[in-house]
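Biologist: I have some questions about the words used for this model. Please set each value against its definition.

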Number of protein chains: 2
Amino acid sequence: MMANMNLKEEIRQQATDAKKAASHLARCGTQVKNRALLAMADALERQSDFLIEENVKDLTEARAQGISLPLLERLTLSKKRIVEMATGIRAVAALPDPVGEISGMTRRPNGMQVGQMRVPIGVIGIIYESRPNVTADTAALCIKSGNAVILRGGSEAIFSNKAIASVLETSGKENGLPPHAVTFIETTDRQAIFDLLLLDDLIDLIIPRGGDGLIRTVVQNSRIPVMKHDKGITHTYVDASADIEMAKKIVINAKTQRPATCNAMETLLADRAIAPFWLPEISKQLQQAGVALRTCPDTFRLLEKAGFQNIALATEEDWKTEYLDLILSIKIVNGMEEAMAHIARYGSAHSEAIITSDYSRAMRFLNEVDASAVFINASTRLNDGYELGLGAEMGISTSRIHARGPMGLQALTCNKFIIMGEGQVRE
Amino acid sequence: MMANMNLKEEIRQQATDAKKAASHLARCGTQVKNRALLAMADALERQSDFLIEENVKDLTEARAQGISLPLLERLTLSKKRIVEMATGIRAVAALPDPVGEISGMTRRPNGMQVGQMRVPIGVIGIIYESRPNVTADTAALCIKSGNAVILRGGSEAIFSNKAIASVLETSGKENGLPPHAVTFIETTDRQAIFDLLLLDDLIDLIIPRGGDGLIRTVVQNSRIPVMKHDKGITHTYVDASADIEMAKKIVINAKTQRPATCNAMETLLADRAIAPFWLPEISKQLQQAGVALRTCPDTFRLLEKAGFQNIALATEEDWKTEYLDLILSIKIVNGMEEAMAHIARYGSAHSEAIITSDYSRAMRFLNEVDASAVFINASTRLNDGYELGLGAEMGISTSRIHARGPMGLQALTCNKFIIMGEGQVRE
């Protein structure tokens, strides 16, 4: 009880310090922020021995707990990875500063000028369960957009994250940023998350990045606004009029280029008109690429007749599943209506694509499909901040307010109204 | 227990129906929405006898409970007020449709075109404790922006709200809107609010409009994103260089034009350089307008010496108080730094103004003061959707994400990314 009380107070103190830092950061010029970011990048490279030492502690613990090789690999901080982190920070420094942009300035009938000015959000809390590089990436994006950041990383990378955050905070402070611009929650006590989520007087936005369980916990317990980064049950609909070579190229890319990501395709919807000749061709390519196929009965019959082996019937559960793996469900649909109905029913409104050469179907799909990103004739794997031109991203928001899709620097700001008058009053 | 179980299920069913309506509404063309809105306006006027009958039930109950005359007056639905509601709906119909607007369309290096399309949010829940006209205003704004709306009004206006909502829902349905586009929660059981706030799979945004207590309850219990409409502790800083006649006009307007509103001034900050001659003048005018003055010690001495009576010393509590009444706290400050520090410490980031003729101080105030609306040489009373050119508003958001300040139709929408490709894949 006493220990928890102290934790609660400690977290509140950290958030209070962060709020103070945020009000300084909001007034920092672009040059100050960029100089600090470049210094942070240099400091990470300069202190790479220290970072690697701390990372070894996490790796030792991970090995003791017997975690899998791919996870161990993700956790490892090499010299190369540290250089990549530094390069990422320098790239953020090079992006245009979103703060201070004025838009929509118009003159009202009473003569006053009204517009909106982009300003930082304030204090942003990031709760994540990812690789240590997220610590550096997210801190850089928050600083560049004038926000203070409170980081709460996963226990599996606690030594690495703590080390990265301390290098960033120290070098930032020594190079013009206010103290506490970057705050790291050092305890791995899960209670700290719950304490943090109650501080809606001090923290302005929470971004959870991790699995379903983490996101659910945050949404259910937060009094602070949350930008969700939820799962992607992603479809590609191949229309009757599709360029079939283009359709193959896109489908292979959407499924196999990096299957463990939220924008990778999970279900292929093929129009009945092209199914008989196109589905066997693409299924062969998919199987050659190591993709396991789970199909609707019509597809199953078609592929069976064509001599396919190792195909399975999809269950109702398959249509709802984010495989994050080399598995694909396939369904034959009677036209775009049925495809859109399937997407509306089973999709997670993340990334959706149509492959077509028909103008009006392309436009209807674009207008009517509800997703953070809707694609015509392109791979859903392109739903990414770099690919869509944001320069960098803070994950992909599946929330329907504030920012939807890849969150760049602009999504880490808000607008205030500005009014320039000459004595106007309310009549 | 059983009754609560049924209520929970009933609320979930209503939200499920609203979600279905939302997916239809998102695809409704502007003409369809406008025609329905005009029919709704007509129906309210045509059925004014029914609305007034139902309103009498609320008034009878209110009188039995002995509520004050001003509150009784606010609750009353007259023919004139019904015509005003209808006129408000027609004004919303006349506004441009925000849905479908495409912005930021650029071509990426790989040739694909990327932009954002404005789309409805989905299902919006409004929890309010206000006059019955809010039912009509908010429903019209939600429909026009393509959203389904779930309304939960206060028990004091339950018969009036229910009647208005049923007229709107019926006439909307008869004129091209999907059923359940407008849903009203008919029970006055407070538990319904808590049940509603858990439905984050069905409802996309909650807007509470009412007192502190309501907003607190909603923020603490909602799993759904909330746009707060919180209090305004509003300042006007009169700089040393202010045009003193303009300053008087603005200060009188900001305090007295409608003191019970969130954008009315609560604290006047006067620069020490102008205090000796200007404060007695404005204080006299304020007292003549019936404003009670609570001042810092310096102001007190100054006014006392000038022969003022009926002035009081402000307590620490005064600087933190939203009077919503003909009361004003006054403080002499040593320049803009001190004014901005006072605003940062005591303000609620709602509406803040500077009166000045100095260019660089005007610009610093505009850039650095944190509020939903920052004014140079204008009355904070102008922080309003109509005055700032939004055409209509859904209250004034004090949230720092999604929308800040007056929420117009655009604030009831979000953006999705749209990508028009020619076969692009992720490399």
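Modeller: Let me start with how the copies are compared: they are superposed by least squares on the C-alpha atoms of residues with pLDDT of at least 70 in both. This is a predicted model, where local features need pLDDT of at least 70, side-chain atom pairs count only at pLDDT 80 or more, and totals for chains, interfaces and linings use all residues. Residues are numbered from 1 along each chain as its sequence is written, while chains are lettered from A and ligands numbered from 1 in the order in which they are written.

Biologist: What turn and what shift lay chain B on chain A?

Modeller: A turn of 180° and a shift of 0.0 Å along the axis do it, with an RMSD of 0.0 Å. That is therefore the relation of a two-fold axis. The same surface serves both copies, as 100% of the contact residues of chain B recur in chain A.

Biologist: Which residue of chain B comes closest to the rotation axis?

Modeller: His402(B), with its C-alpha at 1.8 Å.

Biologist: How many residues does each chain bring to the contact?

Modeller: Chain B gives 60 residues and chain A gives 60 residues. Two residues are in contact if their C-beta atoms, placed from the backbone, lie within 7 Å.

Biologist: Which element gives the most to the side of chain B that touches chain A?

Modeller: β16(B), with 11 residues. Helices (H or I, at least four residues) and strands (E, at least two) are DSSP runs, numbered from the N terminus. Elements that each supply at least two residues include α9 (212–221), α10 (244–256) and β13 (373–378) of chain B.

Biologist: What classes of residue make up that side of chain B?

Modeller: There are 26 nonpolar, 19 polar and 15 charged residues. Ala, Val, Leu, Ile, Met, Phe, Trp, Tyr, Cys and Pro count as nonpolar, Asp, Glu, Lys and Arg as charged, and the others, Gly among them, as polar.

Biologist: Now the helix pairs. Why are α5(B) and α6(B) called roughly parallel?

Modeller: Axes are lines fitted to C-alpha atoms, for helices over the stretch in contact, and angles run from 0 to 180 degrees between N-to-C directions. Angles under 35 degrees count as roughly parallel, over 145 as roughly antiparallel, 65 to 115 as roughly perpendicular and the rest as oblique. The axes of α5 (residues 79–94) and α6 (residues 133–144) of chain B cross at roughly 15° and come within 9 Å. So α5(B) and α6(B) are roughly parallel. Their contact has 7 nonpolar, 2 polar and 3 charged residues.

Biologist: Why are α2(B) and α7(B) called oblique?

Modeller: Helix α2 (residues 30–46) and helix α7 (residues 158–174) of chain B pack at about 135°, with axes 8 Å apart. That angle falls in the remaining class, so the pair is oblique. Among the contact residues are Ala36(B) and Met40(B) of α2(B), with Val167(B) and Leu168(B) of α7(B). The contact has 7 nonpolar, 2 polar and no charged residues.

Biologist: What makes α11(B) and α12(B) roughly perpendicular?

Modeller: Helix α11 (residues 275–288) and helix α12 (residues 297–305) of chain B pack at an angle of about 75°, their axes 10 Å apart. Therefore α11(B) and α12(B) are roughly perpendicular to each other. On the α12(B) side, the contact is made by Thr299(B), Leu302(B) and Leu303(B). By class, this contact divides into 6 nonpolar, 2 polar and no charged residues.
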